Amino acid sequence: MTMVIIVALFVAVLLLIFWRSVRIIPHSMQDVVERFGKYHRTLDSGFNVVIPGVDQVRERIDRRVQVVSFPPQSAITEDNLAVEVDSAVYIRVVDAYRATYEVANFIQAVEQLTLATLRNVIGGMNLEGTLTSRDQINRELKAVLDEATSDWGIEISRIELKGIEPPGSVQEAMEMQMRADREKRAQLLSAEGEKQSAVLRAEGERSAAVLRAKGQAEAQMLTAKADAEAQTLRARGEADAIHMVFKALHTSKVDPDVLAYQYLQKLPEIAKGDANKVWIVPSEMGQAIQGVGAAFQRLRDEVVRVP
């Protein structure tokens, strides 16, 4: 019975020693192990074995990127204006040994270094440059932090300025200036629009006037051309009519006596018009009467000579 108890105690001690000697480390983690108070080695993730009572884990280091957000801090710009700066730093441990033994608390050290560097950078810029140059501030902060934290086994992945708040009076003045600028731009845009509208209207009226003038000119040209063609056709018709009359007279061999007689017959028709208040006797009328008289005389003579 005693032997069984001793064996059981021995097995329990072995199990305890085994349990204390086994170290299961999660992924992306590292354990810094000391032996008799001095750095011994760094355990990576996975299954590891240490000597109980001899090896002791000093620190477990997270190798993942850590986001360290700092409370808003006051900084004075070059033009003596106080601004509240809210920042965040993304850091990652690349050397667990140096992050454990080179700095007591690397997160606190990064925080204080960031705030001090941020005040120096903003102190060399005016308010407008501070509000519009976040990328430049981030680059300067990262350059200083990289140089300082390289000895601590820390890598600065990224720095972000989450907010830069100027004093309330400055914000009100900036808002008033922005409103004035917006109103000025709106007035300029309105004036430019009215100018363009007036120019377009003037161009439209000029184009319409040109088109109307061209239309009138073309219409006059067409009217003149039509009148010329009509006159040509009338003249051609009159010429044809005269030619036909002349041909008919020539064919029928009408003598001057007949023409004089026809001329006397047409005179009453000329006088029938309502507008003919004054009747002017043409000079040819005497010749026509003489021709008619001569014709009657010849006719009488011929009648007398007939037996």
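Two strands count as paired when DSSP finds at least two bridges between them. Keep that in mind for the sheet below. The model on screen is predicted.

**Whole chain**

Start with everything shown. The protein chain holds 8 helices and 9 strands. Of its 307 residues, 22% are buried. Its exposed surface is about 22100 Å², and carbon and sulfur atoms supply 59% of that area. Now consider contacts between residues at least 6 apart in sequence: 63% of them join residues at least 24 apart.

**The sheet 3-2-5**

Select residues 29–35, which are strand 2. Add strand 3 (38–43) and strand 5 (55–62). Together these 3 strands form an open sheet in the order 3-2-5, with antiparallel pairing. Strands 3 and 5 stand at the edges with a single partner strand each, so one side of each has no neighbour in the sheet. On average, neighbouring strands here are turned by 25° against each other, direction ignored.

Stay on strand 2. Is it mostly covered or mostly open? It is mostly covered, with 6 of its 7 residues buried.

Look at its two pairings in turn. Strand 2 meets strand 3 in the antiparallel sense over 5 bridges. Pick aspartate 31: leucine 43 in strand 3 stands opposite. Strand 2 also pairs with strand 5, again antiparallel, over 7 bridges. Pick arginine 35 here: its opposite number in strand 5 is aspartate 55.

Next, go to the hairpin of strand 2 and strand 3. It has 2 residues between the strands. Select phenylalanine 36 in this hairpin, where phi is positive, near 55°.

**The loop at threonine 77**

Move to the loop between strand 7 (73–76) and strand 8 (82–93), and select threonine 77. Its relative accessible area is 3%, so threonine 77 counts as buried. Which residues does threonine 77 touch, leaving out those up to four places away in sequence? Show Val83, Ile122, Gly123, Met125, Asn126, Leu127 and Thr130.

**Helix 4**

Leucine 131 lies in helix 4. Select this leucine next. Leucine 131 has a relative accessibility of 26%, so it counts as partly exposed. The buried class requires under 20%. Then add proline 166. The C-alpha atoms of leucine 131 and proline 166 are 8.7 Å apart, although the two residues are 35 apart in sequence.

**Helix 5**

Select residues 134–149, which make up helix 5. Take the distance between its end C-alpha atoms: 22 Å. This agrees with the 22 Å that its 16 residues should span at 1.5 Å a residue.

Which residues of helix 5 are buried? Colour Ile137, Asn138, Leu141, Leu145 and Thr149. They cover an arc of only 95° around the axis, so they lie on the same side of helix 5. An α-helix has 3.6 residues a turn, so residues three or four places apart point the same way.

Now rotate to the other side of helix 5. Asp135, Arg139 and Glu147 are exposed there.

Rotate back to the buried residues. What covers them? Show helix 3 (106–123), helix 4 (127–132) and strand 9 (154–165), which are among the elements covering the buried residues of helix 5. Helix 4 is the one that holds leucine 131 from the earlier stop.

Key: Residues numbered from 1 in each chain as written. Predicted model: local features only at pLDDT ≥ 70, side-chain atom pairs only at ≥ 80, totals over all residues. Heavy atoms only, no water. Helix = DSSP H or I, 4+ residues; strand = E, 2+ residues; numbered from the N terminus. Buried < 20%, exposed > 50% of the residue type's maximum accessible area, 1.4 Å probe, protein only. Contact = heavy atoms within 4.5 Å. Areas by Shrake-Rupley, 256 points an atom, 1.4 Å probe, with all protein chains shown as cover. Expected span 1.5 Å × (residues − 1). Arc of directions from axis to C-beta. Axes fitted to C-alpha atoms, helices over the stretch in contact; angles between N-to-C directions.
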